[in-house]
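Please work through the exercises below with the sequence and the structure at hand. Each task is followed by a worked solution.

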Amino acid sequence: MSRLRVPSAPRPLVCRWDLDKTYLQSEFDSLRQLLRTAFERAEDKVDVPGVAELIKAIKKAAVRHGRTALVYFISASPPQIGKAIREKLVLDGIPYDGIVFKDQLAHLKRGKLRNLREHVGFKLVELLRGRVDAPAGARELLFGDDWESDSLIYSLYADVLAGRLDVDRLVPILRRIGVDARLIDQVVALVATAGRQDAVERIFINLERRTPTGTFRLFGARVVPTFNYFQTAVVLAADGHLDVEDVAAVARTLLDRSGYTGRRLENSLGDLVRRTVVSLAAAERIGAALRVAGVLPTDTPARSRWRRMVDAFRRYRGRRRARRAAAPAPRRAALDYDAILDRLRPTGREPSVEGRPT
Amino acid sequence: MPIIAIDAMGGDHAPGEIVKGVARASLETDIDCLLVGDERRIQEVLETVPYNPEHISIVDCRDAIGMDEDPHEAVKNRRDASLLVATRAVAEGRANAMVSAGNTGACVLACARDFRLLKGIRRAALASVYPRHTEYTGQDPLALVLDVGATIRCEAEELVQFALMGSAYARRISKVPSPRVALLNMGVEASKGGETLVAAHRRLRRMPALNFVGNVEGNDLARGGADVIVCEGLLGNVVLKLVEGIAEVFTDVASAAARRRLTWRIGLALLARGIERLRELTDYTQYGGAPILGFENLFIKCHGRSNARAVANAVKVAAKAVRDRVPAEIAEAVASLR
């Protein structure tokens, strides 16, 4: 006698977002810009094109499919500018579930000036704290940018959480990076309580500085550098976190408000396939739906029969090649962080994985 | 925004420098670039440099025409070579203009095969730029010379058409309101140079729409008396190669001298800033490339040794020529002849 299988409740999804350069187009290349950012009003702050729509889409898709999606922000900005940021999130209609700021004043009081610029320890602690408070079994998506060391921080977090990187190996890495000893102690304590689960599915890096994508190969397929939030939405749709209508919503925002064209979006889609972030089959499926939705151009000029045959063959060959490019296979071992730091860290300085740390 | 097709596999440093040039253009401009070539190799290069994928699409093709291949044979038999796939993309309307640093003969033949000549144009012309003396600040340090090899022997009518094409191109691209056009000849007198040049001179002198300044001799080329120099392909090619050869010999002699004597080395070191400035002024990479004129579609031919900067600038020049409707302007100028 067969037994009815009761579908288990979908695992909650936790999305953790960096703020500056990931959500906000913050400018702090110079001291003047830094000061301006600090005193900026909410209505003067500018969000990265498509990001607000994407966060709303994640929430909407979760509601549509009867699952929970939680959105948290982790910012290395001081809490003193928190009011303006919270107001900005309200202005943008972002449904978020928590926000954390870095208490820079405390570091100043302690005379730990180095900690003002060092974010690895701070973010790792906050990520682990967030994990302790997260719903049991939650999957995680992490969003950062290529200004700070987000790909490194998030990868450390993912590997620690999955149990691939134990404390004995983590501590020397953090020491090498120059993380404050007190923060290392906190990390060690939190690792013990955070539990073990391979929870981090994807780490998205917004290529605000246009860092060469090859740089991120070191971090494996889990880290996905994207050039715009349309690309991020496409990857999320391919992974099943969004529906095509959500991708279309993000695309429409870019078309209507940020001067994008259908061709720019189509090229973005092609780039994901070439980088084997999304399989050709998934890209074709999403692309076809977006064409029907009027987001991608449909007016391809007529080609010869021979050319169409050649293109069809190439698509077939591409599909075969790209089968291995779908969702990242589960990692069995942690990344080689020593190799990553050897390659990316100038001697005696904090690692600046994608550029100088802020 | 215009779409520019780029032959990623053509050139001495292809695909590396070509792809880097396109990556650079994608960051600096809104021009849409259609890279044609081996997708895997193109992607490998792209992943090492900053780029904006929103402005780059790739047409995958594995074949490429080598720099030393026989152009006729290659264009006839290598249908799926990147150069020919790119010219077809332009001819079919998938791109508005094209850029290549590949085999020059093959480029001209590919244009002749896939593009249509503008109405009234008898022969296409391959143009090139060369450094010349500037007379005022802001003057373009590079002048245009055409034809440099597309048409070996010309009739007077064809030289007149070259003058109109060169003038239209310089007006749009070099922003010279009334470009000075000259015939390259063996003397400044109107009667010099044989039947064809005399007839061409006579016809050009009678054209009020053209700022024809008469004949110039070889030694006037670098003095900057004209913005557009018109000549037969054979002569133009000899001139171009001579200029390049002199520059190379000059560099070689200077290097050898510097190695031989300390005083010369010191002298060169003292002149280093001036030499560098001269090099910057006459740097062909700032121009990117020169056009093949006379077709309905525009083709910018880059130097075979082009680096990323030259390719990026060639893409910009191509886009500018499309935006400024250079082929249409040439067609109008030629129509006024009839």
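The exercises that follow concern a predicted model.

**Exercise 1. Chain A as a whole**

Task: State how many helices and strands chain A contains, and what share of its residues is buried.

Solution.
Step 1. Chain A holds 15 helices and 6 strands.
Step 2. Of the 358 residues in chain A, 54% are buried.
Step 3. The surface can be described as well: chain A exposes about 16600 Å², with carbon and sulfur atoms supplying 53% of that area.
Step 4. Turning to contacts in chain A between residues at least 6 apart in sequence, 76% of them join residues at least 24 apart.

**Exercise 2. The surroundings of B:Ala127**

Task: Determine whether B:Ala127 is buried or exposed, and which residues B:Ala127 is in contact with, leaving aside neighbours within four places in sequence.

Solution.
Step 1. Locate the residue: B:Ala127 belongs to strand S5 of chain B, which covers residues 125–131.
Step 2. The relative accessible area of B:Ala127 is 4%. Buried means under 20%, so B:Ala127 is buried.
Step 3. Once neighbours within four places in sequence are set aside, the contacts of B:Ala127 are B:Leu144, B:Val145, B:Leu146, B:Val148, B:Ala290 and B:Pro291.
Step 4. A further distance can be added: 8.9 Å separates the C-alpha atoms of B:Ala127 and B:Gly236, which are 109 residues apart along the chain.

**Exercise 3. A strand pair and its crossover**

Task: Describe how strands S7 and S8 of chain B are joined, and give the handedness of the crossover between S7(B) and S8(B).

Solution.
Step 1. Strand S7 (residues 180–184) and strand S8 (residues 211–216) of chain B run parallel and are joined by 4 bridges.
Step 2. Within this pair, B:Val181 stands opposite B:Phe212 in S8(B).
Step 3. Between S7(B) and S8(B) the chain passes through helix H7 (residues 195–205) of chain B, and this β-α-β crossover is right-handed.

**Exercise 4. Salt bridges**

Task: Explain why the salt bridge of A:Arg139 and A:Glu201 ties together parts that are apart in sequence, and then examine the salt bridge of B:Asp227 with B:Arg180.

Solution.
Step 1. The count over all chains is 49 salt bridges.
Step 2. One of them joins the side chains of A:Arg139 and A:Glu201, at 3.9 Å from N to O.
Step 3. A:Arg139 lies in strand S4 (residues 139–145) of chain A and A:Glu201 in strand S5 (residues 200–206) of chain A, so the pair ties together parts 62 residues apart in sequence.
Step 4. A:Arg139 is buried at 14% relative accessibility, whereas A:Glu201 is partly exposed at 27%.
Step 5. In chain B, the closest N and O atoms of B:Asp227 and B:Arg180 are 3.5 Å apart in a salt bridge. This pair links distant parts of the chain, 47 residues apart: B:Asp227 is in the loop between S8 and strand S9 (228–230), and B:Arg180 is in strand S7.
Step 6. Both B:Asp227 and B:Arg180 are buried.

**Exercise 5. A nonpolar surface patch**

Task: Identify which residues form a nonpolar patch with about 260 Å² of accessible area together, and where B:Ile152 is placed.

Solution.
Step 1. The patch on the surface consists of B:Ile152, B:Leu234 and B:Val238.
Step 2. B:Ile152 is placed in the loop between strand S6 (142–146) and helix H6 (156–173) of chain B.
Step 3. With a relative accessible area of 47%, B:Ile152 is partly exposed.

Note on methods
Residues are numbered from 1 along each chain as its sequence is written. Chains are lettered from A and ligands numbered from 1 in the order in which they are written. This is a predicted model: local features need pLDDT of at least 70, side-chain atom pairs count only at pLDDT 80 or more; totals for chains, interfaces and linings use all residues. Side-chain values use heavy atoms; hydrogens and water are left out. Helices (H or I, at least four residues) and strands (E, at least two) are DSSP runs, numbered from the N terminus. Buried means under 20% relative accessible area, exposed over 50%, partly exposed in between (1.4 Å probe, protein chains only). Contact means heavy atoms within 4.5 Å. Two strands pair if DSSP finds at least two bridges between them. A crossover is right-handed if, with the strands pointing away from the viewer, the path from the first strand over the helix to the second runs clockwise. A salt bridge is a side-chain nitrogen of Lys or Arg within 4 Å of a carboxyl oxygen of Asp or Glu. Patches are made of residues with over 30% relative accessible area and no salt bridge: like charges are joined within 9 Å, nonpolar side chains (Val, Leu, Ile, Met, Phe, Trp, Tyr) within 5 Å. Accessible areas come from the Shrake-Rupley method with a 1.4 Å probe; for residues, only the protein chains shown count as cover.
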